[in-house]
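Here's a quick read-through for anyone about to load this one into a viewer. Have the sequence and the coordinates open side by side, and we'll walk from one residue outwards.

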Amino acid sequence: MHQGIIKLSHLLSLMGTELIITGMKTEMAQNSIQKENFANISIAFYSSVKEALKKIGK
């Protein structure tokens with residue numbers, strides 16, 4: 001799954017779009033960070049859609 005997120009992020013960036021992930025449980029996010037190197041990838045993680053919309057100004 002982690003590689004899938006990274007590949008999706010790269011594909012979307014080629015199309016000029018940013019990947020935003022919402023609703024990910026804390027345990028899953030921590031597990032993802034431990035298993036993959038997200039240092040060179042710009043993915044925004046938010047706990048809810050409401051929080052993400054507030055951050056992007058919608």
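Leu14 is found in helix H1. In this predicted model, Leu14 counts as exposed because its relative accessible area is 74%, and the cut-off for that label is over 50%. Leu14 also has company at the surface: together with Leu8, Leu11 and Met15, Leu14 makes a nonpolar patch of about 450 Å².

So what about the helix itself? H1 has 13 residues, running from 2 to 14. From its first C-alpha to its last it reaches 19 Å, close to the 18 Å expected at 1.5 Å a residue. Just past the helix comes Gly16, with a positive phi near 80 degrees.

Which residues of H1 are buried? They are His2, Ile5, Ile6, Ser9 and Leu12. Looking down the axis of H1, these buried residues fall within an arc of 130 degrees, so they line one face of the helix. The background is simple geometry: an α-helix has 3.6 residues a turn, so residues three or four places apart point the same way. On the other side of H1 you'll find Lys7 and Leu14, both exposed.

Ser9 is a nice one to click on. It sits in H1 and is buried because its relative accessible area is 9%, where the label needs under 20%. Which residues does Ser9 touch, leaving aside those up to four places away in sequence? The list is Leu19, Ile41, Ser42 and Ile43.

Follow that last contact to Ile43, which is found in the loop between helix H2 (26-35) and strand E2 (44-46). Ile43 is buried too, given a relative accessible area of 15%. Ile43 also pairs up with another residue in the distance table below: Ile5, one of the buried residues of H1.

Over in helix H3 (residues 49-56) there is Lys50. Is Lys50 buried or exposed? Lys50 counts as exposed because its relative accessibility is 70%. Its partner in the table is Thr22.

Here are the two pairs, with their separations along the chain and in space:

| Pair | Separation in sequence | C-alpha to C-alpha distance |
|---|---|---|
| Ile43 and Ile5 | 38 residues | 9.1 Å |
| Lys50 and Thr22 | 28 residues | 9.1 Å |

Now zoom out to the whole chain. The secondary structure comes to three helices and two strands, and reading along the sequence gives the pattern α-β-α-β-α. How much of the contact map is long-range? Of the contacts with a separation of 6 or more, 67% are between residues 24 or more positions apart.

As for burial, 26% of the 58 residues count as buried; Ser9 and Ile43 are among them. The accessible surface of the protein comes to about 4,500 Å², and 55% of that belongs to carbon and sulfur atoms. The nonpolar patch that includes Leu14, at about 450 Å², is one spot to look at on that surface.

Key. Residues are numbered from 1 along each chain as its sequence is written. This is a predicted model: local features need pLDDT of at least 70, side-chain atom pairs count only at pLDDT 80 or more; totals for chains, interfaces and linings use all residues. Side-chain values use heavy atoms; hydrogens and water are left out. Helices (H or I, at least four residues) and strands (E, at least two) are DSSP runs, numbered from the N terminus. Buried means under 20% relative accessible area, exposed over 50%, partly exposed in between (1.4 Å probe, protein chains only). Contact means heavy atoms within 4.5 Å. Accessible areas come from the Shrake-Rupley method with a 1.4 Å probe; for residues, only the protein chains shown count as cover. The expected span of a helix is 1.5 Å times one less than its number of residues. The arc is that of the directions from the helix axis to the C-beta atoms. Patches are made of residues with over 30% relative accessible area and no salt bridge: like charges are joined within 9 Å, nonpolar side chains (Val, Leu, Ile, Met, Phe, Trp, Tyr) within 5 Å. A salt bridge is a side-chain nitrogen of Lys or Arg within 4 Å of a carboxyl oxygen of Asp or Glu.
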